[in-house]
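Grab a coffee and work through these exercises with the model open beside you. Each task is followed by a step-by-step solution.

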Amino acid sequence: MVALSEILDDLVSDVDGLFLFTPSHSHYERFADLDVPTVVIAPENTVEAEPFVELPLQFQNVKDRIRFGVEGAMEQNIVEAGDDIACNVGIFGGDPDSVVRVRVEENMRSGIYDLFANSRADPGVIRDVFEVAIELGKKGQKGEPVGALFIVGDAGNVMNKSRPLSYNPFEKSHVYVGDPIVNVMLKEFSRLDGAFVISDSGKIVSAYRYLEPSAEGVDIPKGLGARHMAGGAITRDTNATAIVLSESDGLVRAFKGGKMILEIDPEDY
Ligand SMILES: Nc1ncnc2c1ncn2[C@@H]1O[C@H](COP(=O)(O)OP(=O)(O)OP(=O)(O)O)[C@@H](O)[C@H]1O
Ligand SMILES: [Mn+2]
């Protein structure tokens, strides 16, 4: 007879680190005297862990969640290419229920961490816009699916590469994304054409912008239409990040540097 734990031991043997995703206090404490470095990846550092990587969204796709943690830890020089790590994540529900062994490699970088942490706009602004797009994707506009295009950061350059489709309802206002009232306004205006332009600090600069970026060298998945092309392309032409809700498939996608970085289904959030 062989004990199961002996065989599964391979999964964690000789790892260079343990990544704990959103552990409870008691779960975290069990690893206090561990002989390998422990990194906590969570929305908030409630366990006061060091090192810690802040998770802006509870990515439902486990690969996205792990990539975010690994890329964040690479950025903080906690791990490097060639390291093997064990990731303790919760797949069904919040509590960690699984162990995934990952070899850290430079070419596994998807840009998911960079998208939130190192965009022109503040990380909180990127997260707030994601939240609006997710909410809009879940509920639609009066029950009907709706699309929306948010161009976040580097607003001066974005304005220079776009033109108004209609009068700008945000012309003289000083309103910021993340404010619940503003989120209601964004949802209301999403029924109409064009893009929202949002500044680095989250100020809504304009609605109804028709983007006119050069689409040269833009690498976006086939099958996506003009909204996604324009959103993707403006992120190559400027330092903005684009967050796009598709009316046709209901997914939220993010583009940076002319590339699609992340794709999520609002129904999972
Ligand atoms: N260059 C652009 N700038 C701003 N908005 C645009 C631009 N091109 C298209 N749109 C907006 O996107 C809407 C949908 O266009 P289209 O169906 O071609 O895009 P799509 O990428 O297929 O998006 P969806 O998945 O939502 O259908 C248009 O009605 C328009 O409001
Ligand atoms: Mn379409």
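**Exercise 1. Find which element gives the most residues to the shell around ligand 1, then describe that shell.**

Step 1. Start with the winner: helix H8 puts four residues into the shell around ligand 1, the most of any element. Helices here are DSSP runs of H or I with at least four residues, strands are E runs of at least two, and both are numbered from the N terminus.

Step 2. Now count the whole shell, in this predicted model: ligand 1 has 16 residues around it, and the closest are Gly147, Gly225, Ala226, Arg227 and Ala230. Two elements supply two or more residues each, namely strand S9 (204–211) and helix H8 (226–237). A residue makes the list if its C-beta atom, placed from the backbone, lies within 6 Å of the ligand.

Step 3. Sort by class: seven are nonpolar, six polar and three charged. Nonpolar covers Ala, Val, Leu, Ile, Met, Phe, Trp, Tyr, Cys and Pro; charged covers Asp, Glu, Lys and Arg; the others, Gly among them, are polar.

A note on bookkeeping: residues count from 1 along each chain as its sequence is written, while chains are lettered from A and ligands numbered from 1 in the order in which they are written. As the model is predicted, local features need pLDDT of at least 70 and side-chain atom pairs count only at pLDDT 80 or more, while totals for chains, interfaces and linings use all residues.

**Exercise 2. Work out how domain 1 and domain 2 sit relative to one another.**

Step 1. Get the bounds: domain 1 runs over 2–113 and domain 2 over 119–268, from an automatic or database assignment.

Step 2. Check the spacing: their C-alpha centres are 31 Å apart.

Step 3. Look at the contacts: seven residues of domain 1 meet seven of domain 2, with C-beta atoms, placed from the backbone, within 7 Å. On the domain 1 side, three of these are nonpolar, three polar and one charged.

Step 4. Compare with the record: an unreviewed UniProt entry lists "domain: Diadenylate cyclase DacZ N-terminal" at residues 1–123 and "domain: DAC" at 140–260. Such positions use the numbering here, names are shortened, and annotations may be inferred rather than shown by experiment.

**Exercise 3. Track down the unusual backbone spots in the loop between S2 and S3.**

Step 1. Go to Glu48 in that loop; its phi is near 55 degrees, positive although the residue isn't glycine.

Step 2. Move on to Pro51, also between strand S2 (38–42) and strand S3 (52–54). The peptide bond from Glu50 to Pro51 is cis, with omega about 0 degrees.

Step 3. Recall the background: most residues other than glycine have a negative phi, and most peptide bonds are trans.

**Exercise 4. State how confident the predictor is.**

Step 1. Read the mean pLDDT (per-residue confidence, from 0 to 100): the protein averages 94, and 100% of its residues reach 70 or more.

Step 2. Add the scores for the complex: ipTM is 0.99 and pTM is 0.94.

Terms used. Two residues are in contact if their C-beta atoms, placed from the backbone, lie within 7 Å.
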